[in-house]
Amino acid sequence: MNSSLDPVEGTELSQEPAEEASQAPPTRYWIDLAWYEQRGRSFAALLETRRCYNCLDEIGDKRARSQFEGGSNAPARMAADQAWKRIQECCAHTHEFLSPRLPLLEAVFRLFLANGNAPLPVQEIAERLVQRHSDYDIPRTVSAEALKRVIEADDHYGVRPYPETPAKTAGADASLG
Ligand SMILES: [Zn+2]
């Protein structure tokens, strides 16, 4: 039965790591909210500074009013999910929100704020930024490779690889990069 098998074709190709790498879907990224918790950083505070002028006026008014009404504590910051929703509804549609003048990573962060944190591979992040920036006088070109380097060096925005498959159990394996 096995006499007709070509010995050359039957050899062990299964150990080639390159094959697996080329078939794997590209890494997608998103804003990892757990990253903020781990570092004790306030995501809500970061959101607040990305609001548009109109919203900031409104926030300022509310704050002033609540102080006037005798609230001794500083008024609670708008919850992150609420603020995020307002950014999507309002601020992300302003001209300045994704200006090409922004640092690259800031623009990436805002892109995720605008899309509701849908995970994206670098190639698509680059395409979307180029598309958004084409509305401006000084369009910016963004290469996927440069973008990947910038994202992977990020230690400020919590833009991290999206966990594609539900992690077995988080904890032991913190170093995925
Ligand atoms: Zn707004």
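This passage describes the secondary structure of a predicted model, with emphasis on its sheet.

The protein chain comprises eight helices and three strands. Read from the N terminus, its elements follow the order α-β-α-α-α-α-α-β-α-α-β. Of the 177 residues in the protein chain, 14% are classed as buried. Among contacts in the protein chain with a separation of 6 or more, 72% join residues that lie 24 or more positions apart.

The three strands assemble into an open sheet, ordered 2-1-3, with antiparallel pairing. Its edges are formed by strand 2 (120–121) and strand 3 (159–161), each of which pairs on one side only. Strand 1, which spans residues 28–31, is joined to strand 3 in the antiparallel sense by three bridges. Pairing between strand 1 and strand 2 is likewise antiparallel and rests on two bridges.

Individual bridge partners can be assigned within this arrangement. Y29 has P161 as its bridge partner in strand 3, and Y29 also stands opposite L120 in strand 2. For I31, the bridge partner in strand 3 is V159.

The two faces of strand 1 are distinguished by their cover. Y29 and I31 make up the covered face, whereas R28 and W30 make up the uncovered one. In a regular strand, side chains alternate between the two faces of the sheet. The covered face of strand 1 thus includes Y29, a residue with a partner in strand 3 and another opposite it in strand 2.

Methods. Residues numbered from 1 in each chain as written. Predicted model: local features only at pLDDT ≥ 70, side-chain atom pairs only at ≥ 80, totals over all residues. Pairing = 2+ DSSP bridges. Helix = DSSP H or I, 4+ residues; strand = E, 2+ residues; numbered from the N terminus. Buried ≥ 20, exposed ≤ 12 C-beta atoms within 10 Å, placed from the backbone. Contact = placed C-beta atoms within 7 Å.
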